[in-house]
Amino acid sequence: MGIYLNPGNTEFQRALNSEIYVDKSLLIEYTNRIINTNMQNICVSRPRRFGKSTDARMIAAYYDQSYDSSKLFKELKIAKSKGYQKHLNKYNVILLNMQSFLSKTNNIEKMLELLTRLLVREIKMEYLKLDLFDETNLSLTLDDVYIQTKQSFIIIIDEWDCIFREYQGDKKAQEKYLDFLRNL
C-alpha cells in the first residue's frame, strides 16, 4: 500500500464509519461498464461539499488490488449489481489530490515535478525489477509498467480543477497542466 499508488481502503472505511454516509456506490456500476471502452475517462462535476472526495476514495477502495474490500462493500448497493465481483480489487489505482500537490509548491512546473517524483518513487518501490526508460516522465513510466506487467491503472484525480481556481489568469500554466493530464 502506498500513499498514491494503491492507497488501500482505510479512508473509505472512515467514511463508512461516519454517522452521515450516503451510499453512492452505484457510481461504480457505471464505471465498471465503461472500463476498457472509448468512454473510460469520466469527469464528475458537482458543487463543493457534495462528496466528490468521498466518492473518489470509494472508487479507489473498490478497484485497489492491494486490499480485499469485499467486506466494506457487501452492504452497499453496488454489491447487488451484476458486475460487482468482476472488477473488485483487480487494478492498480493511482489516487491524486491535486490541491495537496499544489499547496506544497509555488508553481505548476514544480507541482508536476513533485507529483511525478513521488509517484514514480512509489512505482519503483512496488516494481523493483522493472526497467524504467525515463523516471522524470510519469506517462512513460506508466507505459513501462504496463508493457512489462500487462497491469493497467485506474487513475482518480480529486480537485483536478484547483489549478483553474488558483491560477485563473495564467493560461500558460493551465495549458501545461492540461497537457500533463492528456499524457496520462
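Author: A residue is buried under 20% relative accessible area, exposed over 50% and partly exposed in between (1.4 Å probe, protein chains only). This is a predicted model, where local features need pLDDT of at least 70, side-chain atom pairs need pLDDT 80 or more, and totals for chains, interfaces and linings use all residues. Residues are numbered from 1 along each chain as its sequence is written, and side-chain values use heavy atoms, with hydrogens and water left out.

Reader: Let's start with the salt bridges. How many does the structure hold?

Author: To count, a side-chain nitrogen of Lys or Arg has to sit within 4 Å of a carboxyl oxygen of Asp or Glu. One of the pairs that passes is K124 with E135, and another is R165 with D161. For the structure, the number of salt bridges is six.

Reader: Take K124 and E135. How many residues apart are they?

Author: The closest N and O atoms of K124 and E135 are 2.9 Å apart. K124 belongs to helix 7 (residues 108-126), while E135 is in the loop between helix 7 and helix 8 (138-149). Helices here are DSSP runs (H or I, at least four residues) and strands are too (E, at least two), numbered from the N terminus. The pair links distant parts of the chain, and the separation is 11 residues.

Reader: And are K124 and E135 buried, exposed or partly exposed?

Author: K124 has a relative accessibility of 36%. E135 comes out at 37%. So K124 counts as partly exposed, and E135 is also partly exposed.

Reader: Which residues do shared salt-bridge partners join into one network?

Author: Follow R165, which is partly exposed at 32% relative accessible area. R165 pairs with E159, with the closest N and O atoms 2.9 Å apart, and R165 also meets D161 at 3.2 Å, N to O. D161 is partly exposed at 31% relative accessibility. The salt bridges share partners, and the residues they join into one network are E159, D161 and R165.

Reader: E159 has a backbone quirk as well. What is its phi near?

Author: Look in the loop between strand 2 (153-158) and helix 9 (162-166), where E159 has its place. Most residues other than glycine have a negative phi. E159 goes positive without being a glycine, with phi near 55 degrees.

Reader: N36 also has a positive phi. Which of N36 and E159 is exposed, and which is buried?

Author: N36 lies in the loop between helix 2 (26-34) and helix 3, and its phi is near 60 degrees. The relative accessible area of N36 is 64%, so it is exposed. With a value of 18%, the buried residue is E159.

Reader: On to helix 3. How far apart are its end C-alpha atoms?

Author: The expected span is 1.5 Å times one less than the number of residues in the helix. Helix 3 has 12 residues, so it should span 16 Å. The distance in the model agrees, with the end C-alpha atoms 17 Å apart.

Reader: Which elements do the buried residues of helix 3 pack against?

Author: The buried residues are D55, A56, M58, I59, A60, A61, Y62 and Y63. Packing is judged by contact, with heavy atoms within 4.5 Å. On that basis, the partners are helix 1, helix 2, helix 4 (70-73), helix 5 (84-87), strand 1 and strand 2.
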